[in-house]
Amino acid sequence: MPEPTDVEVGTVYRILGKEVSVRTDSKTFACSLRGRLFTGDGSGERNQLAVGDRVELTPLSSSKGVIHAVLPRSTAIVRQVGKRKLSLQVLAANVDQIVIVSALERPRFKVGLIDRFLVIAHDASIAAALCLNKIDLGDDQALVEARAELELYRTLGYPVIFTSAKTEAGHDELRALLKDKRSVLTGHSGVGKSKLAAAIQPGLHLSSAGVDRHGKGRHTTTASTLFSLDFGGELVDTPGVRELSLGHIERRKLAEGFIEFRPLLHQCHFASCSHIPEPHCAVKEAVEDKKIARKRYDSYCRLYEELG
Ligand SMILES: Nc1nc2c(ncn2[C@@H]2O[C@H](COP(=O)(O)OP(=O)(O)O)[C@@H](O)[C@H]2O)c(=O)[nH]1
Ligand SMILES: [Mg+2]
Ligand SMILES: [Zn+2]
């Protein structure tokens, strides 16, 4: 048995297959997992470890170790994978902020995905911000329209920034947003998350998750990776999501994920109001009065159906 002093505590900064990279105050370790701790395809209980987790490990050498415990999480970003209820995947643990990245063009942003991510962020009690990238693409008109569409989110209290990974646009705002926090960049594949991370943190691409061990997938992020930022803070770059199902979220929680609904949720006639068919619904009245944007309400209804 190793002496208790041999145990070190560190942070998981990368998971690739069965290999878990952990950073302690002074070293990094390539770790395996002991016993019933598994990572992998994200199906249900097998996904017990995520980037950002604090773990206890026993060093086997100066660079290798075995993880034997995961410390309690403050936050976890969870999504459902596939249609089965039990298939949950923890995208990242112990994060302060989700930055939802979308693109002006290629692929053109849809606010539906933004609303989904906001629900996930609220469910996890994590702050959220929006970043519209690739503003160098598209004409002025497209950008004006996008700004107008995202202005709604700014009025709801979410920071909204506009960036390009190809130019300097928005980099200062992005750094200010990320400074001294642990943030997760999330959003569809191809919107520029990895490129943005490399743009604000020079040298990042050299050690980034862009290349897997076999040299395949050079330009796709294959694993979530936690980076330290020179200007303060940490950043998790995640692989793009192909689908984002909210199946694990309770219907009651869904309405809370729409931040502007919250003050009204106890004012409906029916305590169990779903805010869809019921009469005397404070949410629907606010939509009629244009105090809640109809787009957001429609988005709520779509997601509600999906949870059925
Ligand atoms: N024009 C333009 N292209 C970008 C921008 N950001 C990323 N790209 C390109 O979009 C593609 C996907 O970028 P990547 O960072 O891998 O996206 P990720 O999947 O979200 O990490 C790459 O070909 C990038 O060069 C941008 O701001 N402007
Ligand atoms: Mg990427
Ligand atoms: Zn209601």
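In this predicted model, let's begin where helix α3 meets helix α4. From α3 come H171, L174, R175 and L178, and they touch L196, A199 and I200 of α4. Sort those residues by class and you get 5 nonpolar, 1 polar and 1 charged. To find the two helices, look for residues 171-178 (α3) and residues 193-200 (α4); their axes are 10 Å apart and the packing angle is about 90 degrees. Angles of 65 to 115 degrees count as roughly perpendicular, so α3 is roughly perpendicular to α4.

Now move to helix α1, which has two helix partners to look at here. Start with α2. The axes of α1 (residues 111-123) and α2 (residues 140-155) come within 12 Å and cross at roughly 15 degrees. What does that angle say about how α1 and α2 lie to each other? Anything under 35 degrees counts as roughly parallel, and α1 and α2 are therefore roughly parallel. Their crossing is right-handed. On the α1 side, the contact is made by V111, I114, D115 and L118, while α2 brings in E149, L150 and Y153. That gives 5 nonpolar residues, 2 charged ones and no polar ones.

The other partner of α1 is α8, which covers residues 294-307. Here the axes are 10 Å apart and the helices pack at an angle of about 70 degrees. With 65 to 115 degrees counting as roughly perpendicular, α1 and α8 are therefore roughly perpendicular to each other. This crossing is right-handed. Which residues of α1 meet α8? They are D115, R116, L118 and V119, and across from them in α8 sit R296, S299, L303 and E306. By class, this contact has 3 nonpolar, 1 polar and 4 charged residues. If D115 and L118 sound familiar, that's because α1 uses them in its contact with α2 and in its contact with α8.

While you're at α1, look at the loop between it and β8 (97-103), which is where P107 lies. R106 and P107 are joined by a cis peptide bond, with omega at about -5 degrees.

Next, follow the chain to the loop between α2 and β10 (160-162), where you'll find L156. What does L156 touch, once its neighbours within four places in sequence are left aside? The answer is I259, E260 and R296. R296 has come up before, as one of the α8 residues that meet α1. There's a link across the sequence here too: L156 and F258 are 102 residues apart along the chain, and their C-alpha atoms are separated by 9.5 Å.

Let's finish at the zinc ion (ligand 3). Which residues hold on to it? Its coordination comes from C268, C273 and C281, each through SG, and from H275 through ND1, at 2.1 to 2.4 Å. Along the chain, these donors follow the spacing C-x4-C-x1-H-x5-C. The angles among the 4 donor atoms run from 102 to 115 degrees, and the site is tetrahedral. For reference, the ideal angle for four tetrahedral donors is 109.5 degrees. One more residue deserves a look: H280 is found in the loop between α6 (251-256) and α7 (282-288). H280 isn't a glycine, yet it has a positive phi of about 55 degrees.

Technical notes. Residues numbered from 1 in each chain as written. Chains lettered and ligands numbered in written order. Predicted model: local features only at pLDDT ≥ 70, side-chain atom pairs only at ≥ 80, totals over all residues. Heavy atoms only, no water. Axes fitted to C-alpha atoms, helices over the stretch in contact; angles between N-to-C directions. Helix = DSSP H or I, 4+ residues; strand = E, 2+ residues; numbered from the N terminus. Parallel < 35°, antiparallel > 145°, perpendicular 65-115°, else oblique. Left-handed = near helix turned anticlockwise from the far one by under 90°. Contact = heavy atoms within 4.5 Å. Nonpolar A, V, L, I, M, F, W, Y, C, P; charged D, E, K, R; others polar. Donors = N, O, S within 2.8 Å, 3.2 Å for Na, K, Ca; no water. Tetrahedral: all angles 85-135°; square planar, octahedral: opposite > 155°, others 65-115°.
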